[in-house]
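User: Please take me through this model by explaining what earns each part its description. I should like every term to be set against its definition.

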Amino acid sequence: MNPQKVKNGPNFMQQLNKKKHVDCALSSNSESSDDEVDEIVAIKKDVQKQRFSVSAEAYGQFNKKENFKAKFIPKSKEQSERIKQRMQAGFMFSALNDKEIEIVVGAMEEKIFHKSEYVIKQGEEGNVLYVVDTGELDCFKNYGKGDIFLKTYYPGESFGELALLFQSPRAASIIVKSDKAILWQLDRETFNLIVKEASIKKRQQFENFLENWDLLKEIKDPYDRLKMSDALFEKQFKKGDIILQQGQKSNEIFIVEQGRVGVNKNNQKLFELTKLGDYFGDQSIVAGTVESFTYVAEEEIKLMYIPKKSYSSTLKEIEGTLMKNIQIKYGKYL
Ligand code: CMP
């Protein structure tokens, strides 16, 4: 990514180091209590600790990684396939290679919970992460004045990674909403050695861009924006490559990272997309129609993209804006 093209702004980590920003990161409520201040101090310490642990655990100890004997819990072929499917649907594991996926699948342990049961309690110590296999779960956070509902988790999504990434107490509570929930549980050691490194690298890679991408202004929770990086990938194209063809449906929303993309209709060039954050492929994915234009690499370019399967858990939240933008961007050419 070209850092010069990204507007300067505080990233998630920097936010955590500034009380003003932490208030906004942790609370939709602008009043701050003593509890919050304590929490901020605790988080600052966690971040410092985490920075150390990222370099020591994730990046430094390759020998440890090689000697690591992952936990292995025997499973049927059908169970392994189901876990893989769930892992693919979510983000947390998107940066893993095939071998790493096998290790993680082997280490997963099935856990069954029932309606209203707490899977995670805010403030407690956390040693595992969960992937939802079946059922729905609600996430609440107490900022000092009672629980505030944050979101519902569905199959394929994962939660409980913050305590492992930051070595901090659980930042929210997760309670079973459906009659029953089947979860896959991953232990801290496997997470630290296999998933954490890839996940942190990926989150850091896109963090600055996501913090400053105008489109995401409506997504208020910095945690949700940070998580979006797990769903972002990069692709390079050579001059003359056709990225997306008029009349086709796209499987991705592409985002310009570096270089010029020509927008053509019936073999005539209409305009170019050149700005970091300019995006296309939205006609197929947001509006469900075929693409009205052909997109061509005008030079060697780098694009980010969000796969179609990740749309509902990333950008769907701002679908109204995306639909409006389709009219604004393409209206006069349709
Ligand atoms: P963890 O802190 O380990 O346990 C609670 C989980 O809730 C947390 O990890 C996240 O996975 C999840 N969560 C969802 N939304 C938020 C949020 N806004 N702030 C903190 N945690 C959240």
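User: What makes the residues of strand E7 (residues 173-176) fall into two groups?

Analyst: The groups are set by direction: Ser 173 and Ile 175 point one way from the strand, while Ile 174 and Val 176 point the other way. In a regular strand the side chains alternate between the two faces of the sheet. All four residues are buried, a label that requires under 20% relative accessible area, with exposed meaning over 50% and partly exposed lying in between (1.4 Å probe, protein chains only). Please note that this is a predicted model, in which local features need pLDDT of at least 70 and side-chain atom pairs count only at pLDDT 80 or more, whereas totals for chains, interfaces and linings use all residues. Residues are numbered from 1 along each chain as its sequence is written, and side-chain values use heavy atoms, with hydrogens and water left out.

User: What makes E7 a partner of strand E2 (residues 118-120)?

Analyst: Two strands pair if DSSP finds at least two bridges between them. E2 and E7 are joined by two bridges in the antiparallel sense, so the requirement of at least two is met. One of the bridge partners in E7 is Ile 175, which faces Tyr 118. The strands themselves are DSSP runs (E, at least two residues), helices are runs of H or I with at least four, and both are numbered from the N terminus.

User: Which strands form the open sheet that contains E7, and in what order?

Analyst: The order is E2-E7-E4-E5, with antiparallel pairing. E2 and E5 are called edge strands, as each pairs on one side only. Neighbouring strands are turned by 30 degrees against each other on average, direction ignored; the axes are lines fitted to C-alpha atoms (for helices, over the stretch in contact), and angles run from 0 to 180 degrees between N-to-C directions.

User: How do you know that strand E4 (residues 137-142) has a partner on each side, and what joins it to them?

Analyst: E4 pairs with E7 over four bridges and with E5 over six bridges, both in the antiparallel sense. Phe 140 illustrates both links: its bridge partner in E7 is Ser 173, and its partner in E5 is Phe 149.

User: Which residues are closest to the ligand?

Analyst: The ligand is surrounded by 15 residues, the closest being Glu 161, Ala 163, Arg 170, Ala 171 and Asp 221. To be near a molecule or strand, a residue must have a heavy atom within 4 Å of it. Strand E5 (147-153) and helix H7 (162-166) each supply at least two residues of this shell.

User: What makes the approach of Arg 170 to the ligand a polar contact?

Analyst: A polar side-chain atom of Arg 170 lies 2.7 Å from an oxygen atom of the ligand. A polar contact is a pair of N or O atoms within 3.5 Å; within protein, one must be able to donate a hydrogen and the other to accept it, and residues adjacent in sequence count only if both atoms are side-chain atoms. A backbone N or O atom of Ala 163 lies 2.9 Å from a ligand oxygen, and a polar side-chain atom of Tyr 223 lies 3.1 Å from one. The protein buries 96% of the 460 Å² that the ligand exposes when taken alone; such areas come from the Shrake-Rupley method with a 1.4 Å probe, and for residues only the protein chains shown count as cover.

User: Why is Glu 161 called buried?

Analyst: Its relative accessibility is 2%, so Glu 161 counts as buried. Glu 161 lies in the loop between strand E6 (158-159) and H7. Its side chain makes a polar contact of 2.5 Å with that of Tyr 223. Beyond neighbours within four places in sequence, Glu 161 is in contact (heavy atoms within 4.5 Å) with residues including Met 92, Phe 191 and Lys 227.

User: Why is Thr 314 given the label buried or exposed?

Analyst: Thr 314 has a relative accessible area of 3%, and it is therefore buried. This residue lies in helix H11 (residues 311-314). A polar atom of its side chain lies 2.7 Å from the backbone oxygen of Ser 310. Leaving out residues up to four places away in sequence, Thr 314 touches Phe 91, Ile 219, Met 228, Ala 231 and Ile 306.

User: What share of the residues in the protein is buried?

Analyst: Buried residues make up 51% of the 334 residues.
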